[in-house]
Amino acid sequence: MTILVKYPPSIIPVPACPTTLVRVIGGSGYTLRIRSYDMFTNQLIGESTQNITSSDQEFTVVWATPSQRAIVLAVLEVVDANGNVVEKWQQPFIYVPNASISNIQA
């Protein structure tokens, strides 16, 4: 089983839930579990699932985000029917929903 993530989130400077293109290769009949955690509090921010119905399938994953600034741990898990993790991917990203950008001219 393989999880391929195209353009994972790194810094999100707007109040929005980022999306990522994910491809799962290697089996059907599993579930892709998508989770977001606040790394400071270790609390689950949100979770969703997608059914894997073919041996090569793509998903657009939406990462849940909190209402305030946070470092979010994005986690993908392929799980079997018993909830056992078969494959896992994770990466942190910075979420700053109230960021502002200033143009400074010389």
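The following exchange concerns the fold, surface and two loop residues of a predicted protein model.

In this predicted model, local features need pLDDT of at least 70 and side-chain atom pairs count only at pLDDT 80 or more, while totals for chains, interfaces and linings use all residues. Residues are numbered from 1 along each chain as its sequence is written, and side-chain values use heavy atoms, with hydrogens and water left out.

Trainee: How many helices and strands does the protein chain have?

Mentor: Helices (H or I, at least four residues) and strands (E, at least two) are DSSP runs, numbered from the N terminus. From that terminus on, the elements run β-β-β-β-β-β-β-β. The count is therefore zero helices and eight strands.

Trainee: What percentage of the residues of the protein chain count as buried?

Mentor: Buried means under 20% relative accessible area, exposed over 50%, and partly exposed in between (1.4 Å probe, protein chains only). The protein chain has 106 residues, and the buried share of them is 34%.

Trainee: Is Tyr 7 buried or exposed?

Mentor: Tyr 7 lies in the loop between β1 (2-6) and β2 (11-12). Its phi is near 55 degrees, a positive value in a residue other than glycine. With a relative accessible area of 66%, Tyr 7 is exposed.

Trainee: Which residue in the loop between β4 (30-38) and β5 (43-52) is found with phi near 65 degrees?

Mentor: The phi value is positive, and the residue is other than glycine. The residue is exposed, with a relative accessible area of 61%. The loop between β4 and β5 holds this residue, Asn 42.
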